[in-house]
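Me: Please take a close look at one part of the model below, chain B. I should be grateful for an account that explains each term as it arises and then sets the partner chain beside it.

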Amino acid sequence: MRRIFAQTTKELTQITRDRLAVTLALILPMCLLLLLGTAISLTVTALPIVVQDLDDSSASREFIDAFRASQTFHVVAWPVDRPPVQAFVANQARAVLIIPQHFGRDLARGVNTETQLMIDATDANTAKLVQGYAGEIVAAYMNRDDGGGATRPASVKAEIRLWYNPGRESKKFYGPGIFVLGISMFPPLLAALAMSKEGEQKTILQVYVSSISAHEFLLGKILAFMLIAFAEWLLMMILLYTWFGLTIVGDPTPLLVATVLYTFCVASFGTMLGAAIPSQAAAIQAVALGGFLLVFLLSGLIFPVQNIPPGLRWVSGIVWGRYYIEIVRDALLQGGGWPAMWFNVLMIGLIGSFFYFMAWKRMRRMQLSA
Amino acid sequence: MSILSKLFGVRLGALMGKEFNQIRRDRRLAISLVIPPTLQLLLFGFALNATIDHLHLGIVDLDHTLQSRDLISNMTESGAFVLGGSYLSVNQLGEAISQGKIDAGLVIPVDFQRDLSRGRQSTVQILLNAMNANTAAIAQGYSEGVLQNWNLHAQIVRTSAPPMKPKGRIILHPAFLFNPGLVSTWFIVTGTFGVLLMLNGSLISSASMIKEREAGTIEQLLMTPASTTEIIVAKIAPLFLLLCWMILLATTLIRFVFGVPFRGNLLLVEAGAALCVLCGIGIGTVIATFTRSAQQAQLMSFFVNPPLSVLSGSLTPVEAMPHWLQPVTLINPLRHFGIITRAVLLKGSGLETLWPNFLVLIVFTVVMLSFSVWRFRKQLG
């Protein structure tokens with residue numbers, strides 16, 4: 001035990017000596033969280049839309065006002081004599097609404113009238129959102145009370161309840177994801193650098209001639225980087241509470257247990273890579289690939305895991321960040337507690353132990369190569 | 001050798017020949033030019049997909065009648081929702097949502113059919129897990145669309161209620177232009193293209209600049225009669241030519257693996273891509289002049305690259321960013337390259353509408369390259 005702590009202290013002293021590493025470890029994750037958590041979002045607002053009003057009646061103008069009043073659309077002017085499709089080609093608009101002639105007259109007579117909405121589908125997701133929003137505006141416009149009193153209300157009305165994130169704020173969803181990305185990137189980066197340095201500078205030989213055992217050495221190293229990860233965790237949690245307006249809902253114990261396991265997991269991951277690759281530059285690249293690319297792409301951070309094609313989806317089953325993202329989101333938004341999250345906690349523990357085991361195996365072989 | 005000398009003059013030609021020889025001997029560089037970009041493009045293109053469909057819908061049907069079952073089948077039959085399970089009470093449904101077993105819930109009240117047949121309004125409840133704002137927005141629009149449609153048919157089929165003055169309806173016909181199949185990989189792949197060129201360009205150029213400094217051979221180069229500008233141009237030109245291969249490789253993948261239609265002039269995209277690569281080389285060179293080792297340069301790129309790629313609209317639409325952040329994207333060369341790629345490939349736009357984007361790209365490239373030459377000179381002097 002005493003030797004483990006001694007190893008930890010040595011490791012922490014070494015890190016605090018390097019000014020760049022300390023900044024990297026503590027400030028960069030927070031910058032990343034602020035920037036990416038705020039900037040990443042898929043729900044658009046104020047999309048430029050061109051309206052071509054061929055009717056120009058009071059009814060059509062009222063209809064356009066319904067679009068103007070919405071937050072999603074921003075009606076832009078477009079010369080009448082130019083074909084509206086050119087607005088897409090010139091990147092001036094993302095949608096075009098065409099109101100036909102006799103729009104007002106038809107409505108007053110009780111005849112259905114057909115309007116066309118052309119959507120720039122270059123971005124398929126936005127196109128779908130636009131379709132949905134426009135449909136909602138039309139429905140609201142038709143159900144409005146226009147003073148006639150003779151309108152038949154829709155026979156079935158939907159009461160839509162948005163749970164867990166009633167404001168539909170993107171940052172409350174992406175914030176926890178980027179939070180996990182930060183923890184998955186920087187502690188393993190530092191751990192890999194420290195470990196590969198031992199191999200590069202051959203200081204690993206001194207470790208072998210000392211009385212410390214492989215387990216003590218590794219645990220001491222991992223404990224140091226767990227502490228760093230935990231410091232990052234605290235700093236970023238403060239940001240999540242203040243800037244992102246999140247609080248822990250429900251039972252906090254799954255999150256706490258998972259956090260201890262996850263910091264162990266990422267620290268072991270870095271140590272394992274460092275032990276396997278005795279060159280600092282190559283180790284950085286490996287961590288960037290594993291820590292960043294896998295956790296960023298295959299964890300459901302931005303895009304849902306269900307959308308990954310089946311051939312690749314199994315990979316996300318071993319991406320440690322995926323399980324932790326689900327736990328953090330559950331703890332901060334959903335509050336499902338142990339019944340929903342026990343499997344994720346278990347998986348993080350398993351993957352972490354695997355990394356530790358591999359690091360230990362590599363460590364025993366390092367002696368021969370050094 | 002002799003061709004290079006004739007083209008660029010003796011000194012520049014000789015320096016370039018030296019760079020080409022170095023690159024040819026470095027097998028890792030050649031591999032890193034081909035494998036990572038291919039892998040990244042494929043991974044991004046196949047793994048990133050924002051399509052929302054097959055959301056699991058849990059159902060509490062307290063009515064158990066023909067009408068309620070009709071509504072349920074209408075909700076679940078067309079792809080966006082699939083039946084995730086039936087529950088006996090709203091509490092059970094809520095629990096299932098909080099445990100993540102289902103994404104949405106529909107509660108149909110008792111007397112649903114009776115109310116409808118009497119011409120009264122009935123209210124169904126739809127519960128959405130709004131944790132993911134995008135999914136919630138699409139699910140909301142979709143469920144309202146289904147209900148609206150159902151209402152329309154309901155009024156035609158069962159009009160036992162007393163006749164009223166008919167009211168005209170507005171029927172909205174959406175048409176999806178340029179991508180009628182709503183393939184979301186087209187958006188991702190055309191965005192990733194620029195990110196790849198920029199990232200790999202900056203990584204490779206900073207690595208090759210630093211190598212010369214770490215090995216100490218930069219002093220030897222300075223002792224030759226070549227000027228610093230010549231040294232830099234000789235370093236940049238071969239890298240640029242190499243990276244042009246990557247442009248071709250990526251374009252081929254985009255066309256044949258992902259099936260993106262090439263509607264406009266391909267030369268415009270390639271010209272934009274070439275500018276993008278030059279920009280990346282400029283950024284890499286600047287990073288190299290600020291750092292002392294390869295390790296530091298790589299750490300620096302952690303500072304530079306994520307903001308550059310996230311604030312470009314390459315993976316997520318710019319219109320979805322907070323309003324105060326949107327103007328910032330205008331000074332990002334990747335933003336402009338993304339606009340160019342998508343407009344040319346998918347919409348068939350030409351130079352007459354894209355010249356402002358090209359202008360910004362050119363200005364940015366020139367500024368970046370001359371800044372790096374200036375930094376380099378200052379450092380050596």
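Reply: Chain B and its partner

Of the 381 residues of chain B, 44% count as buried. A residue is called buried if 20 or more other C-beta atoms lie within 10 Å of its own, exposed if there are 12 or fewer, and partly exposed in between, with C-beta atoms placed from the backbone. The model is a predicted one, in which local features need a pLDDT of at least 70 and side-chain atom pairs count only at pLDDT 80 or more, while totals for chains, interfaces and linings use all residues. Residues are numbered from 1 along each chain as its sequence is written, and chains are lettered from A and ligands numbered from 1 in the order in which they are written.

The confidence values come next. The scores of the model are ipTM 0.80 and pTM 0.82. Chain B has a mean pLDDT of 83, with 93% of its residues at 70 or more; pLDDT is the predictor's confidence in each residue, from 0 to 100.

Chain B contains 14 helices and 5 strands. Helices (H or I, at least four residues) and strands (E, at least two) are DSSP runs, numbered from the N terminus. Because its radius of gyration is 29 Å, well over the 21 Å that the globule rule gives for 381 residues, chain B is more spread out than a compact globule. The radius is taken over C-alpha atoms, and the rule is 2.2 Å times the number of residues to the power 0.38. The C-alpha trace of chain B spans about 100 × 45 × 35 Å along its principal axes. B:Gln379, in helix 14 (residues 351-380) of chain B, and B:Val124 are 255 residues apart in sequence and 71 Å apart in space, C-alpha to C-alpha. B:Gln379 is partly exposed, since 13 other C-beta atoms lie within 10 Å.

Two residues are in contact if their C-beta atoms, placed from the backbone, lie within 7 Å. Among contacts in chain B between residues at least 6 apart in sequence, 78% join residues at least 24 apart.

Where does chain B meet chain A? The contact takes 88 residues from chain B and 92 residues from chain A. Among the elements that give two or more residues to the chain B side are helix 3 (27-47), helix 5 (90-98), strand 4 (122-129) and helix 7 (133-157) of chain B. Helix 7 of chain B gives the most to this side, with 17 residues. By class, the chain B side has 51 nonpolar, 30 polar and 7 charged residues. Here Ala, Val, Leu, Ile, Met, Phe, Trp, Tyr, Cys and Pro count as nonpolar, Asp, Glu, Lys and Arg as charged, and the others, Gly among them, as polar.

Strand pairing also links the chains. Two strands pair if DSSP finds at least two bridges between them. Strand 4 of chain B runs parallel to strand 5 (residues 156-163) of chain A, and 8 bridges join them. Within this pairing, B:Leu127 is the bridge partner of A:Arg161.

One loop residue of chain B deserves attention. B:Phe178 is placed in the loop between strand 5 and helix 8 (185-215) of chain B. Its phi is positive, about 70°, although it is not a glycine. Most residues other than glycine have a negative phi. B:Phe178 counts as buried, because it has 22 C-beta neighbours inside 10 Å.

Chain A may now be set beside chain B. In chain A, A:Tyr164 is found in the loop between strand 5 and helix 7 (170-200). A:Tyr164 has a positive phi of about 70° and is not a glycine, and it is buried, with 21 other C-beta atoms within 10 Å. Chain A comes to 14 helices and 5 strands. Its radius of gyration is 28 Å, well over the 21 Å that the globule rule gives for 370 residues, so chain A is more spread out than a compact globule. Buried residues make up 49% of the 370 residues in chain A.

Chain A averages a pLDDT of 85, and 96% of the residues score at least 70. Over residues 147-151 of chain A, however, pLDDT stays under 50, and the model has 3 contacts beyond four places in sequence for them. Where pLDDT is low, the predicted coordinates should not be read in detail.
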